[in-house]
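Me: I am new to this structure and would be grateful for a close look at one part of it. Please consider how its helices pack against one another, and set that part in its wider context.

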Amino acid sequence: TNSDEVYLHSRFLAFLLNPQASHGCGNALLKTLLQVLRIEDFDVETASVQAEFKGIDIFVRNAKGQAIIIENKIYHHDEDEQIYRYDQLIKRQGYTVIANLYLTLDGSDPSEQSSKGVKVDLVSYETDIISWLERCVPLVARDAGLRESIFQYIELLKKLTSTDQGGIYMSE
């Protein structure tokens, strides 16, 4: 089902972003995403990453009270007040600097009901995530399995976003 697919996408992205994960790249992959998204002054030294944290698709946090909430909407429509609720939840947990990222295939906006005035940064698989993954390839170059997984994932995303040549010819 679509929700399983979203979960698999979130889990793979969270694995790559997690400095403690078995990929052995430490915080380099997380740092690279923050550069691509122009998120500055986020302390990666104490960062940890979780998929499916209290309903949040990908949750990045650190010891300095900074948090990044990634709402992964690869196919789904917004639930009422979803972004707003997650923002409130994380504030209650004591985080003071929160970035709400809304991740879709093409960088589209959340509904007004979902965000309720919370500041949301739009992220797209098509430009941001593919660009980030391409920058990750040299960082994981020594791990053939992981490198291949990332290559395959980039190909999958290009199909999903129709940025692969076949998709371009098909639409013409």
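Reply: The following account begins with the whole protein, turns to the packing around one helix, and ends with several single residues.

The model is a predicted one. The protein contains seven helices and five strands. Read from the N terminus, its elements follow the order α-α-β-β-β-α-β-α-β-α-α-α. The C-alpha trace spans about 45 × 40 × 30 Å along its principal axes. For 172 residues, a compact globule would have a radius of gyration near 16 Å, and the value for the protein, 16 Å, agrees with this. Of the 172 residues, 49% are buried. When contacts between residues at least 6 apart in sequence are considered, 56% of them join residues at least 24 apart.

The part chosen for a close look is helix H5, which comprises residues 125-136. Two packed helices are described by the angle between their axes and the distance between the axes. Both quantities are available for the packing of H5 with helix H6 and with helix H2.

The partner H6 covers residues 144-160. The axes of H5 and H6 come within 10 Å and cross at roughly 165°. An angle over 145 degrees counts as roughly antiparallel, and H5 and H6 are therefore roughly antiparallel to each other. Their crossing is left-handed. On the H5 side, the residues that meet H6 are Tyr125, Ile129, Ile130, Leu133, Glu134 and Cys136. On the H6 side, the contact is made by Ile150, Tyr153, Ile154, Leu157 and Lys158. Sorted by class, this contact has nine nonpolar residues, no polar residues and two charged residues.

A general point about helices helps in reading such lists. An α-helix has 3.6 residues a turn, so residues three or four places apart point the same way.

The partner H2 covers residues 28-36. H2 and H5 pack at an angle of about 140°, and their axes are 9 Å apart. This pair is therefore oblique, and H2 passes H5 in a right-handed crossing. From H2, the residues in the contact are Leu29, Thr32, Leu33 and Val36. They meet Asp128, Ile129, Ser131, Trp132, Arg135 and Cys136 of H5. By class, the contact of H2 with H5 has six nonpolar, two polar and two charged residues. Ile129 and Cys136 of H5 take part in the contact with H2, and both also appear in the contact with H6.

H2 can be followed a little further. Its buried residues are Leu29, Leu30, Thr32, Leu33, Leu34 and Val36. Just after H2, Arg38 has a positive phi of about 55°. Asp41 lies in the loop between H2 and strand E1 (48-53). Asp41 is not a glycine, yet its phi is positive, at about 60°. With a relative accessible area of 71%, Asp41 is exposed.

The stretch that leads towards H5 also merits attention. Ser124 belongs to strand E5 (residues 121-124). With a relative accessible area of 5%, Ser124 is buried. Residues up to four places away in sequence aside, Ser124 touches Leu103, Thr104, Leu105, Asp106, Gly107 and Ile129. Ile129 is thus a contact of Ser124, in addition to its place in the packing of H5 with H6 and with H2.

Helix H4 (residues 112-115) holds Ser114. Ser114 counts as buried, at 1% relative accessibility. Its contacts beyond four places in sequence are Asp78, Glu79, Glu81, Gln82, Ile83 and Tyr84. Ser115 also lies in H4 and is buried, with a relative accessible area of 8%. Setting aside residues up to four places away in sequence, Ser115 touches Ile83, Tyr84, Pro110 and Val120. Ile83 and Tyr84 are thus among the contacts of Ser114 and among those of Ser115. From Ser115 to Ala63 the C-alpha separation is 26 Å, and the two residues are 52 apart in sequence.

Between H4 and E5 there is a loop that includes Lys116. Lys116 has a phi near 45°, which is a positive value in a residue other than glycine. Lys116 is partly exposed, with a relative accessible area of 40%.

In summary, H5 packs with H6 in a roughly antiparallel arrangement and with H2 in an oblique one. The crossing with H6 is left-handed, whereas that with H2 is right-handed.

Notes. Residues are numbered from 1 along each chain as its sequence is written. This is a predicted model: local features need pLDDT of at least 70, side-chain atom pairs count only at pLDDT 80 or more; totals for chains, interfaces and linings use all residues. Side-chain values use heavy atoms; hydrogens and water are left out. Axes are lines fitted to C-alpha atoms, for helices over the stretch in contact, and angles run from 0 to 180 degrees between N-to-C directions. Helices (H or I, at least four residues) and strands (E, at least two) are DSSP runs, numbered from the N terminus. Angles under 35 degrees count as roughly parallel, over 145 as roughly antiparallel, 65 to 115 as roughly perpendicular and the rest as oblique. A crossing is left-handed if the near helix is turned anticlockwise from the far one by less than a right angle, and right-handed if clockwise. Contact means heavy atoms within 4.5 Å. Ala, Val, Leu, Ile, Met, Phe, Trp, Tyr, Cys and Pro count as nonpolar, Asp, Glu, Lys and Arg as charged, and the others, Gly among them, as polar. The radius of gyration is taken over C-alpha atoms; the globule rule is 2.2 Å times the number of residues to the power 0.38. Buried means under 20% relative accessible area, exposed over 50%, partly exposed in between (1.4 Å probe, protein chains only).
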